Protein chains: 2
Amino acid sequence: MIDFYFDFSSPYGYLAASQIDKLAGRFGRTVNWHPILLGAIFKHTGGQPLTQFAWKGDYALHDFARSADFYGIPFKMPTNFPVNAVAPSRAILVAKRESTDAMKRLALSLFKALYTQDRDIGQIEITLQVADESGFDPRALGAAMQTQEVKDELKQIVDRAVERKVFGSPFFFIDNEPFWGVDRLPQIEWFLNQSE
Amino acid sequence: MIDFYFDFSSPYGYLAASQIDKLAGRFGRTVNWHPILLGAIFKHTGGQPLTQFAWKGDYALHDFARSADFYGIPFKMPTNFPVNAVAPSRAILVAKRESTDAMKRLALSLFKALYTQDRDIGQIEITLQVADESGFDPRALGAAMQTQEVKDELKQIVDRAVERKVFGSPFFFIDNEPFWGVDRLPQIEWFLNQSE
């Protein structure tokens, strides 16, 4: 099992989401996706969104696009950034009740809407629209997203991430070995090779 | 030409130093090494040493060692860290007068002394001892390191790095394309492939 933590507001999370299942599959591993809210985590670590750092922020904007090219996937920086990841995170937790495949399918659709179509999935209506286009019932999904159960589930995932000292996105655990960043994919591959 | 900026106090700089000339050589490119002092740069960016961040610092200590394994090179975290990079930086600028090969040879020896033998190259005597073992005349080197010319040269390299918005180590430019981090080596390879 590989745990994959990501914030929808993380472009590197989007890049990782496009790669990790393919990579894990080559080693017969499944991936458990966990949506997190970095804002809540940064309260513990004092962290800040990457784009707010002097110099590093400008570099990051350039690197997001170049890294997408490197992986051969489309990318367009969203106009409204960072986005509030609560709505898409809750939406995929509802989709997970159907199946983990449904969850991943919706997550990838939401990532694509944000990072290739400049749609602000931070707004519930946009998240539900994307869900609708992806074959989910937006009315049922929207209602389930507002239940205390789903709200608590997201909170518990974030709390667990805090316990595991997840400080950024994407963040992976292979068993208990932590890897931070989409640029650790080659090391993850090397690690999985050694673990076989 | 590839520009390679590094701080001796950066473990990822050490890892990059072990790889970059080999990689560049496969594309017929030469590498120009530039020692920098991140402390001076952090005054402009508000940056901090990686190991001082909550959670990320502990992760980094683990990742330094694992990344060294990944590249197949020895690594032992120095007891005294971060080190003051002024002495080794000036020393390699003196060695550069002999040749760029001499500069790189001394830089690699200093990196190895720090990251495999736990020797504090921040101390001038240790830097000179390492230089001696590497075939340099420690007396002539030590005298040259204290000249205003060498002091100014290091300052100018740091100033130029600030102009180019180098905010971390290792940092590379291929022509004017910036790459930050040893984990960008695969992208550098991809970029060089495309540029051929």
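The exercises below work through a predicted model.

**Exercise 1. What are the mean pLDDT of chain A and the ipTM and pTM of the model?**

Solution. Chain A has a mean pLDDT of 96. In chain A, 100% of the residues reach 70 or more. The scores of the model are ipTM 0.93 and pTM 0.95.

**Exercise 2. Describe how helix 7 and helix 8 of chain A pack.**

Solution.
Step 1. Two packed helices are described by the angle between their axes and the distance between the axes.
Step 2. Helix 7 of chain A spans residues 124-133 and helix 8 of chain A spans residues 138-145. Their angle is about 135°, and their axes are 9 Å apart.
Step 3. Angles over 145 degrees count as roughly antiparallel and 65 to 115 as roughly perpendicular, with 35 as the limit for roughly parallel. The angle therefore makes helix 7 of chain A oblique to helix 8 of chain A.
Step 4. The crossing of these two helices of chain A is right-handed.
Step 5. From helix 7 of chain A, Ile124(A), Thr127(A), Leu128(A), Ala131(A) and Asp132(A) take part; they meet Pro138(A), Leu141(A), Gly142(A) and Met145(A) of helix 8 of chain A. Sorted by class, this contact has six nonpolar, two polar and one charged residues.

**Exercise 3. At what angle do helix 7 and helix 8 of chain B pack, and how far apart are their axes?**

Solution.
Step 1. In chain B, helix 7 and helix 8 pack at about 135°, and 9 Å separates their axes.
Step 2. Helix 7 of chain B and helix 8 of chain B are therefore oblique to each other.
Step 3. Their crossing in chain B is right-handed.

**Exercise 4. Classify the ring pair of Tyr5(A) and Phe173(A), and place both residues.**

Solution.
Step 1. Over all chains, the count is 48 aromatic pairs.
Step 2. For Tyr5(A) and Phe173(A), the ring centres are 6.0 Å apart and the planes stand at 85°, so this pair is edge-to-face.
Step 3. Tyr5(A) belongs to strand 1 of chain A and Phe173(A) to strand 3 of chain A, so the pair ties together parts that are 168 residues apart in sequence.

**Exercise 5. Where are the cis peptide bond before Pro82(A) and the positive phi of Asp118(A)?**

Solution.
Step 1. Most residues other than glycine have a negative phi, and most peptide bonds are trans.
Step 2. The bond from Phe81(A) to Pro82(A) is cis, with omega near -5°. Pro82(A) sits in the loop between helix 4 and helix 5 of chain A.
Step 3. In chain B, a cis peptide bond joins Phe81(B) and Pro82(B).
Step 4. Asp118(A), although not a glycine, has a positive phi of about 55°. Asp118(A) is in the loop between helix 6 and helix 7 of chain A.

Methods:
Residues numbered from 1 in each chain as written. Chains lettered and ligands numbered in written order. Predicted model: local features only at pLDDT ≥ 70, side-chain atom pairs only at ≥ 80, totals over all residues. Heavy atoms only, no water. Axes fitted to C-alpha atoms, helices over the stretch in contact; angles between N-to-C directions. Helix = DSSP H or I, 4+ residues; strand = E, 2+ residues; numbered from the N terminus. Left-handed = near helix turned anticlockwise from the far one by under 90°. pLDDT = per-residue confidence, 0-100. Phe/Tyr/Trp six-rings, centres within 6.5 Å; stacked < 30°, edge-to-face > 60°. Contact = heavy atoms within 4.5 Å. Nonpolar A, V, L, I, M, F, W, Y, C, P; charged D, E, K, R; others polar.
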